[in-house]
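Below are some comments on the model you sent, set out as numbered points. Please read them with the coordinates open.

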Amino acid sequence: MCRDCGCSLGPAATRAPLAAPTGVAGKFETIEVITAILGENDRVAAHNREHFDGHGVLALNLMSSPGAGKTALLEATIRALGGRLRIAVVEGDLATENDADRIRACGVPAVQISTGNACHLDATMVHDAVHDIALAGLDVLFIENVGNLVCPASFDLGQHRNVTLLSVPEGDDKPAKYPVMFRAADLTLITKTDLLAYITEFSTGRAHASLRQIGYSGETIELTSRGGAGFDAWLAWLDREVAAQRERTRRGETLRPQVQPEGAHAHAAEPHVRR
Amino acid sequence: MHELSVCQALIEQVERVARQNDARTVVSIVITVGPLSGVEPQLLEHAYPLAAAGTVAEHASLVIETVPVRVRCRSCGAETDVVPNRLVCGACGDWQVDVTGGEELTLRRVEIETDPAAVH
């Protein structure tokens with residue numbers, strides 16, 4: 001194990017310097033670094049998290065394929081809460097204000113990030129968007145990531161929890177196909193369960209087994225945004241997380257979502273971090 | 001295709017190292033990429049020249065060391081190499097395992113050329 005950061009990198013860390021090309025003037029040096037490549041993004045993300053914690057706001061990063069029902073989930077959640085929790089939304093899409101417009105129609109402030117051709121949100125985009133949102137008095141900030149089961153998993157935004165959606169029409173083996181994304185989740189929502197009656201190929205048992213096989217250790221809720229017991233369980237999870245964030249804020253603590261070990265290393269110096 | 005963003009972040013780190021060490025040019029960059037980092041080494045190689053163009057690392061070679069996904073079993077204690085979508089113990093098959101490797105996305109070494117006249 002590496003003595004610098006505890007990662008699994010072996011003796012390669014002490015390997016001899018690479019051979020320098022000959023016949024070139026100048027002095028060659030090999031600098032041992034061992035640093036997270038996305039360290040700068042992680043630094044901005046930590047800054048975002050300080051903003052959120054400073055206002056006692058719970059920040060949730062919603063990730064899924066395009067069309068898995070992230071915006072529909074938010075619309076239904078806002079309506080079901082009826083103003084009980086104060087919410088704002090950051091919407092990430094390649095183009096259009098459509099999703100932000102849908103959220104605003106529910107009476108909740110929304111900022112649209114149009115990423116152009118970028119396939120994911122990063123901490124700086126969220127930082128800029130959050131400057132357009134009044135965090136004071138908010139309970140929850142939802143960050144709806146770009147619909148994509150690959151890239152968003154690699155970028156910390158400053159959120160406290162990752163919520164990943166897996167919709168019934170996508171198939172029950174999505175966790176096996178996109179293990180990095182589903183391993184990043186703190187909560188997996190199996191959405192559009194009202195379609196189970198029509199899409200008989202989808203087995204919730206196989207979906208759970210697929211999650212287990214990638215070492216998923218978070219919670220899983222089956223729901224449809226049209227309502228029902230699963231949706232109530234989601235609202236109860238949200239209430240628990242808001243209460244937990246208030247408690248952390250009171251104690252001056254913070255929380256990172258499921259992260260990769262080297263990300264955890266980059267933040268090892270932060271005080272009072274609870275996993 | 002977030003590999004370009006990753007390469008841009010990498011180049012920023014390398015530029016910082018080069019500045020701190022008075023480098024004239026960067027000769028090579030060694031990074032480690034694990035399968036669970038969500039980054040594809042081949043795509044990184046393709047994106048790298050675009051990110052490096054016009055920087056101190058423009059002519060540097062990028063060396064990507066790949067590492068396997070490894071898990072340690074909570075039941076039998078064995079440490080085994082596994083595939084990313086089947087994180088179960090390779091010895092006894094138990095799914096209660098801790099990932100001990102494969103998530104790396106790390107800059108390891110930067111080889112630089114300094115001006116021989118430079119005083120350190």
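1. I begin with A:Thr115, which sits in the loop that links strand S4 (110-114) to helix H4 (123-130) of chain A. Please bear in mind throughout that the model is predicted.

2. Is A:Thr115 buried, exposed or partly exposed? Burial would require 20 or more other C-beta atoms within 10 Å, and exposure 12 or fewer; because A:Thr115 has 16 such neighbours within 10 Å, this residue is classed as partly exposed.

3. Leaving aside residues up to four places away in sequence, A:Thr115 is in contact with A:Gly92, A:Leu94, A:Leu121 and A:Val146. A separate distance may help in orienting the loop: the C-alpha atoms of A:Thr115 and A:Met125 are 8.5 Å apart, while the two residues are separated by 10 residues in sequence.

4. Turning to the interface, 42 residues of chain A are in contact with 45 residues of chain B. On the chain B side, at least two residues each are supplied by helix H1 (3-20), strand S1 (23-33), strand S5 (97-101) and strand S6 (105-114), and the largest share, 10 residues, comes from S6(B). By residue class, the side of chain B that touches chain A comprises 20 nonpolar, 13 polar and 12 charged residues.

5. S6(B) also deserves a look for its pairing across the two chains, since strand S1 (residues 27-36) of chain A is joined to S6(B) by eight bridges, and the two strands run antiparallel. For a point of reference when inspecting this pairing, A:Thr35 stands opposite B:Leu107 in S6(B).

Methods: Residues numbered from 1 in each chain as written. Chains lettered and ligands numbered in written order. Predicted model: local features only at pLDDT ≥ 70, side-chain atom pairs only at ≥ 80, totals over all residues. Contact = placed C-beta atoms within 7 Å. Helix = DSSP H or I, 4+ residues; strand = E, 2+ residues; numbered from the N terminus. Nonpolar A, V, L, I, M, F, W, Y, C, P; charged D, E, K, R; others polar. Pairing = 2+ DSSP bridges.
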